[in-house]
Every structure is written in structure tokens, then in C-alpha cells.
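The following exercises concern the cavity and one helix of the structure shown below. Each task is followed by a worked solution.

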Amino acid sequence: MPHFVELWVYLSATPLFGLTATLVVYLLAQAFYGRMQGAPWANPVMWSVVVLALLLTATGVRYPTYFSGAQFIHFLLGPAVVALAWPLWERRAELRARGPRLLMAALLGGAAAGASAVLLAWLFGLPKDVVLSMAPKSVTAPVAMGIAEKIGGVPALSAVFAVLTGMVGALTGKYLFDLLRVPAAGTGWTARGFALGTAAHGIGAARALQVNADAGAYAGLALGLQVVLSALLMPLIFKLIG
């Protein structure tokens, strides 16, 4: 026990704490996800966030101290996103054939995601800056923060909304698709993946990759399309209507 206390004191005061805590918690969450046979509610990303948040709160470790170590994993997000291009390259022929329809689906899906969030927030009488922060909720968090800053929202709130949206999508996507009778076979996987990537960005794409290769590829494509389209069009639209 004394050795464990000494190790804890050492780790909590160095950048190794964030790195070690993130890796250990995620590996445990991934093992739990495997034991639960891939159940959506056992999503390892969600449980890693919950456990790490509770750990930091219970131990009093400040977020900057944690992130000084976790930033090494954060750096890998860039290469991980770029790696999503490989499944798309393998399916380049079918993507060329479906290109116009996929672009139209991305436009309509992104518009529905942003407009429905803004409308609901407005109906509930939320402050204007909160309403605007909801608009880019289905875009990956770093881009959502940039969009929020451009349209008058609160970047930090947009990041929170984006993460929550991704988690909700990853947890409920399967049940919603089953309810809508979207088939879990053939082209049904591409429809599920594209819809999940459109609505739930990176976390949804990660979930799709865990379930099916085609779903993961199309989720990655939808994620990329939403980043480009939202970053280009959303500030322009709000400027025109503002």
C-alpha cells in the first residue's frame, strides 16, 4: 500500500498522470465493452469520459495538469482522422458513382441537425448565445468551437454540445435504425454509417467502425463532409439571416 501511495503522488504531480490514467481507463472500458458483446450502452468512449471526470473530481487533480499528459493522445487525433481516408480509398469507385447523392444527403442531414437544434433551443427560451452554440452540435468539437465563435455562440458550450451529441448518437443509433427498419445488411450498413457520421461526427464514426467496415467508411465520409460544409456554409447563413 505505501508503494501505491508513493506511485500515486509521483504520477499525480507529473504529465505521466494524464497519459497513464487515460490509457488505463480506456483499456478497462474497452475490455468491459468486449465482455458486454459490443452493447451500445457499454460504449468505451462514454465510460472513459465518465470515469476520468469522476477520477479528476475525486482526486482534486486540475484539468491542465491532466491534459499536460493526455495531450500526447490528443495529438494522435489528427492522424486517426486522416486514417479514415483509407477505407474510403478502397471504395473510391462506388463513391464516385454515388457522389452527387451523398453530397445532397450531407447537405440535407447537416441542415436538419443544425436547424432542429436551434429551433428546439429557441422554443425552450434559451439565451441567444446558447441557441447559436447549439447550431454546430453535429460537427466535430474543434470545428464546432470555431464555427460558434464566428456566429456569436460560446465555443466552450459548442464543444460540450458536440461531445454530448456524439455520445447520444453512438448510444442510440442502433436502436433508432432498428426502429426505422434500416437493414443491418448490404447497403443498409452504408445508410446507417452515413447517417451516424452526419449526426454524431467522430464518436459516431468510431462506433460505426466497431460494428461494420462499410458503416465505418461511410461514417468517416459523412464526418468529413460535415466539417467542410458546415465550416463554409454555417457562418455565411447566419450572417445573411442575422
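**Exercise 1.** Classify the residues that line the largest cavity as nonpolar, polar or charged.

*Solution.* The lining divides into five nonpolar residues, five polar and one charged. Here Ala, Val, Leu, Ile, Met, Phe, Trp, Tyr, Cys and Pro count as nonpolar, Asp, Glu, Lys and Arg as charged, and the others, Gly among them, as polar. The model is predicted: local features need pLDDT of at least 70 and side-chain atom pairs 80 or more, while totals for chains, interfaces and linings use all residues. Residues are numbered from 1 along each chain, and side-chain values use heavy atoms, without hydrogens and water.

Next, the members: Gly110, Ala113, Gly114, Ala135, Pro136, Lys137, Ser138, Val139, Gln226, Ser230 and Met234 form the lining. Helix H7 (92-123) and helix H12 (213-241) are the elements that give two or more residues to this lining.

**Exercise 2.** Determine whether the length of helix H3 agrees or disagrees with its expected span.

*Solution.* H3 covers residues 44-59, which makes 16 residues. The expected span is 1.5 Å times one less than the number of residues, therefore 22 Å; the end C-alpha atoms lie 22 Å apart, in agreement.

**Exercise 3.** Identify the buried residues of H3 and the helices against which they pack.

*Solution.* Pro44, Met46, Ser48, Leu52 and Leu56 are buried (under 20% relative accessible area, 1.4 Å probe, protein chains only). The buried residues of H3 pack against H2 (16-35), H4 (63-75), H10 (155-179) and H11 (187-211) (contact: heavy atoms within 4.5 Å).

Technical notes:
Helices (H or I, at least four residues) and strands (E, at least two) are DSSP runs, numbered from the N terminus. Buried means under 20% relative accessible area, exposed over 50%, partly exposed in between (1.4 Å probe, protein chains only). On a 1 Å grid over the protein atoms alone, a cavity is a set of points where a 1.4 Å probe fits but cannot get out, and a pocket is an open set with protein on both sides within 12 Å along at least five of seven lines; lining residues have an atom within 4 Å of a point.
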